[in-house]
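Subject: Structure handover

Hello,

Here is the structure I promised to pass on. Please have it open while you read the notes underneath.

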Amino acid sequence: MSAVLTQARREWGLISSNPMTDVSKLSKPPPRDRRVSQDEIDKLVVAAGADLTKIRARAVHAFLFAIETAMRSGEIISLTNQTVDREKRVATFLNFGMN
């Protein structure tokens with residue numbers, strides 16, 4: 001918001017001052033250092049059920065897959081038949097995240 005108001009003041013001359021100047025910016029949140037416990041995982045599995053036609057069960061299974069493989073969500077959704085060798089049980093990520 002501050003950047004927009006600065007643009008309006010400097011470039012367009014629409015306002016004489018930026019009211020956001022005296023507003024303090026939020027500090028960066030602390031890094032996450034908590035891991036999900038086995039008890040929490042067990043509760044999620046029970047709550048989700050085993051019926052994979054239900055979105056809740058699919059979401060929990062995707063979560064479990066992410067935990068077991070240490071893969072990020074973007075890596076998981078990029079899995080295709082071309083990137084997974086089922087016999088070797090290996091997934092290949094070519095230039096993942098390289099833009």
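The notes below go from the overall fold to the helices, the salt bridges, two loop residues and the pockets.

**Overall fold**

Keep in mind that this is a predicted model. The protein has four helices and two strands. Their order along the sequence is α-α-α-α-β-β. The radius of gyration is 23 Å, well over the 13 Å that the globule rule gives for 99 residues, so the protein is more spread out than a compact globule. Along the principal axes, the C-alpha atoms fill a box of roughly 65 × 35 × 30 Å. Of the 99 residues, 11% are buried. Buried here means under 20% relative accessible area.

One pair of residues gives a feel for the distances. S37 and E87 are 50 residues apart in sequence. In space, their C-alpha atoms are 31 Å apart. S37 sits in the loop between α1 and α2. With 30% relative accessibility, S37 is partly exposed.

**Helix α1**

Start with α1, which covers residues 2-10. Which of its residues are buried? They are L5, T6 and A8. Looking down the axis of α1, these buried residues fall within an arc of 160 degrees, so they line one face of the helix. A3, V4 and R10 are on the other side of α1, and they are exposed.

**Salt bridges**

How many salt bridges does the structure hold? There are two.

One joins R34 to E40. Their closest N and O atoms are 2.3 Å apart. R34 is exposed, at 59% relative accessible area. E40 is partly exposed, at 28%.

The other joins D39 to K43. Here the closest N and O atoms are 3.3 Å apart. Both residues belong to helix α2, which spans residues 38-48. D39 and K43 are four residues apart, so about one helical turn separates them. The general rule behind this is simple. An α-helix has 3.6 residues a turn, so residues three or four places apart point the same way. D39 is partly exposed, with a relative accessible area of 44%. K43 is exposed, with 54%.

**Two residues with positive phi**

Next, the backbone. Most residues other than glycine have a negative phi. Two residues are worth a look with that in mind.

A70 has a phi near 60 degrees, a positive value, and is not a glycine. A70 is in the loop between α3 and α4, where α4 is residues 73-77. Is A70 buried or exposed? A70 is exposed, at 68% relative accessibility.

R89 also is not a glycine, and its phi is positive, at about 60 degrees. Where does R89 lie? R89 is in the loop between β1 and β2. R89 is exposed, with a relative accessible area of 75%.

**Pockets**

Last, the empty space. The largest pocket holds about 380 Å³. Which residues line the largest pocket? They are R32, D33, R34, R35, V36, F63, A66 and I67. By class, that lining has four nonpolar, no polar and four charged residues. You have met R34 already: this lining residue also forms the salt bridge with E40.

The second largest pocket holds about 190 Å³. Its lining is made of F65, T69, M71, L79, V84, D85, R86, R89, V90 and A91. Three elements give two or more residues to this lining: α3 (55-69), β1 (84-85) and β2 (90-91). By class, the lining has six nonpolar, one polar and three charged residues. R89 turns up again here: it lines the second largest pocket and has the positive phi noted above.

**Where to look**

If you have only a few minutes, try this order.

- Begin with α1 and find the face lined by its buried residues.
- Go on to α2 and locate the D39 and K43 salt bridge.
- Turn to R34, in the lining of the largest pocket.
- Finish at R89, in the loop between β1 and β2.

Over to you.

Best wishes

Note on methods
Residues are numbered from 1 along each chain as its sequence is written. This is a predicted model: local features need pLDDT of at least 70, side-chain atom pairs count only at pLDDT 80 or more; totals for chains, interfaces and linings use all residues. Side-chain values use heavy atoms; hydrogens and water are left out. On a 1 Å grid over the protein atoms alone, a cavity is a set of points where a 1.4 Å probe fits but cannot get out, and a pocket is an open set with protein on both sides within 12 Å along at least five of seven lines; lining residues have an atom within 4 Å of a point. Grid points are joined across faces, edges and corners, and a volume is the space filled by probe spheres set on the points. Ala, Val, Leu, Ile, Met, Phe, Trp, Tyr, Cys and Pro count as nonpolar, Asp, Glu, Lys and Arg as charged, and the others, Gly among them, as polar. Buried means under 20% relative accessible area, exposed over 50%, partly exposed in between (1.4 Å probe, protein chains only). The arc is that of the directions from the helix axis to the C-beta atoms. A salt bridge is a side-chain nitrogen of Lys or Arg within 4 Å of a carboxyl oxygen of Asp or Glu. The radius of gyration is taken over C-alpha atoms; the globule rule is 2.2 Å times the number of residues to the power 0.38.
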